[in-house]
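Here are some notes to read alongside the model, written for someone opening it cold. Keep the viewer at hand and look up each residue as it comes along.

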Amino acid sequence: MKLRLFRRCANAPGTPSPEGQAVVDAFRSTLAALKHPTPWTPGSGQDVAIRVGPFIERGHPRPGDDRGPDAIALALQHPDVPYARYGDRYTRKGWLRCETPLILGTWQPAYRILTHASAGLGLPDDVGLPPAHYAVHINRPDQPLLRIGPYTQCHHTDRDATRLRQQLQNSGGASTVTAEPFDFDALDTYQGPQDQDVYDLLAHEQPTAPSDLEESNR
């Protein structure tokens, strides 16, 4: 049997075709973007590049909830059209909580080739990012865990948790207050911040109730 040997066009001498040169340039741009990502600044409102499995996706931060420093809220975007839905699978995801160490940097068009869309795929059912809703957890000695939420802004959660923590410390209470991701599986155990006077819930430990938190929850 006689074997026929063929020379690949890419290995042929001479100037590459415009199409071949475009592929090479795009590949070089992607490598440069991965090696030298553009730094992302919290609060800038810029889209970010994050890893979703072996792919890189474009994330649009939720306005007012992109300050960090530990986590922000974002929605995964189609890489070609700003704020476009990512097919039917995108619509079920909504806002997601993203730990800031997962952010590679500011989104660059050079990352497009590394997205699910470029591979002709939809986003996976599990993108590794939980829903971006938050809660305040109050642990009281000999009392059930008190949960307040959901909040849709991380900095609102941190603000209320800080205020409660300071008030309880000033009153000498032994409770601890932390800001946590909202647990949808325990929805029935939460008190809504918009219709609750959280200081009244802690009346046995907090004899006086400042009005600033009450006003913020209306």
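**Notes on a predicted model**

1. Let's start with R97, which is buried, with a relative accessible area of 14%. Keep in mind that this is a predicted model. R97 pairs with E99 in a salt bridge, and their closest N and O atoms are 3.3 Å apart. The partner sits differently: E99 is partly exposed, at a relative accessible area of 35%. That puts R97 under the 20% cut-off for buried, while E99 falls between 20% and 50%, so one end of the pair is classed as buried and the other as partly exposed.

2. R97 turns up again in the largest pocket, where it is one of the lining residues. The rest of that lining is G68, P69, D70, A71, Y134, C154, T157, D158, A179, E180 and P181. Which elements give two or more residues to it? They are helix 3 (154-170) and strand 8 (176-181). The space in this pocket comes to about 160 Å³. By type, the lining residues divide into six nonpolar, two polar and four charged.

3. Now step back to the whole chain. It has five helices and nine strands. If you walk along the sequence, the pattern reads α-β-β-β-α-β-β-β-β-α-β-β-α-α, so you can tick the elements off one by one in the viewer. The chain has 218 residues, and 36% of them count as buried.

4. Two more totals for the chain are handy. Take the contacts between residues at least 6 apart in sequence: 65% of these join residues at least 24 apart. As for the surface, the chain exposes about 13000 Å², with carbon and sulfur atoms supplying 53% of that.

5. Back to charges. How many salt bridges does the structure hold? There are four. Side chains of opposite charge can pair when their charged atoms come close. One of the bridges is R58 with D47, where the closest N and O atoms are 2.8 Å apart. R58 is in strand 2 (residues 55-61) and D47 is in the loop between helix 1 (18-35) and strand 1 (48-52), so this pair ties together parts that are eleven residues apart in sequence.

6. Are the two ends of that bridge buried or exposed? R58 counts as buried at 11% relative accessibility, and D47 is buried too, with a relative accessible area of 10%. Another bridge joins D65 and R62, at 2.9 Å from N to O. Both D65 and R62 are buried as well.

7. P61 is a good residue to click on, as it ties several of these points together. P61 is found in strand 2 and is buried, with a relative accessible area of 3%. Leaving out residues up to four places away in sequence, P61 touches Q46, D47, D66, I72, A73, L74 and W95. D47 in that list is the salt-bridge partner of R58. P61 and R97 are 36 residues apart in sequence, yet their C-alpha atoms are 9.7 Å apart in space.

8. Compare P101, another proline. P101 lies in the loop between strand 4 (96-99) and strand 5 (103-106). With a relative accessible area of 72%, P101 is exposed. Its C-alpha atom is 9.3 Å from that of I50, which is 51 residues away along the chain.

9. One backbone detail deserves a look. Most residues other than glycine have a negative phi, and most peptide bonds are trans. Here, though, a cis peptide bond joins G149 and P150, with omega at about 5 degrees. You will find P150 in strand 7 (residues 146-151).

10. Last stop: N139, in strand 6 (residues 134-139). At 38% relative accessibility, N139 counts as partly exposed. What does N139 touch, not counting residues up to four places away in sequence? The answer is L145, A174, S175 and T176. N139 and T178 are 39 residues apart in sequence, and 8.5 Å separates their C-alpha atoms.

Definitions and conventions. Residues are numbered from 1 along each chain as its sequence is written. This is a predicted model: local features need pLDDT of at least 70, side-chain atom pairs count only at pLDDT 80 or more; totals for chains, interfaces and linings use all residues. Side-chain values use heavy atoms; hydrogens and water are left out. A salt bridge is a side-chain nitrogen of Lys or Arg within 4 Å of a carboxyl oxygen of Asp or Glu. Helices (H or I, at least four residues) and strands (E, at least two) are DSSP runs, numbered from the N terminus. Buried means under 20% relative accessible area, exposed over 50%, partly exposed in between (1.4 Å probe, protein chains only). Contact means heavy atoms within 4.5 Å. Accessible areas come from the Shrake-Rupley method with a 1.4 Å probe; for residues, only the protein chains shown count as cover. On a 1 Å grid over the protein atoms alone, a cavity is a set of points where a 1.4 Å probe fits but cannot get out, and a pocket is an open set with protein on both sides within 12 Å along at least five of seven lines; lining residues have an atom within 4 Å of a point. Grid points are joined across faces, edges and corners, and a volume is the space filled by probe spheres set on the points. Ala, Val, Leu, Ile, Met, Phe, Trp, Tyr, Cys and Pro count as nonpolar, Asp, Glu, Lys and Arg as charged, and the others, Gly among them, as polar.
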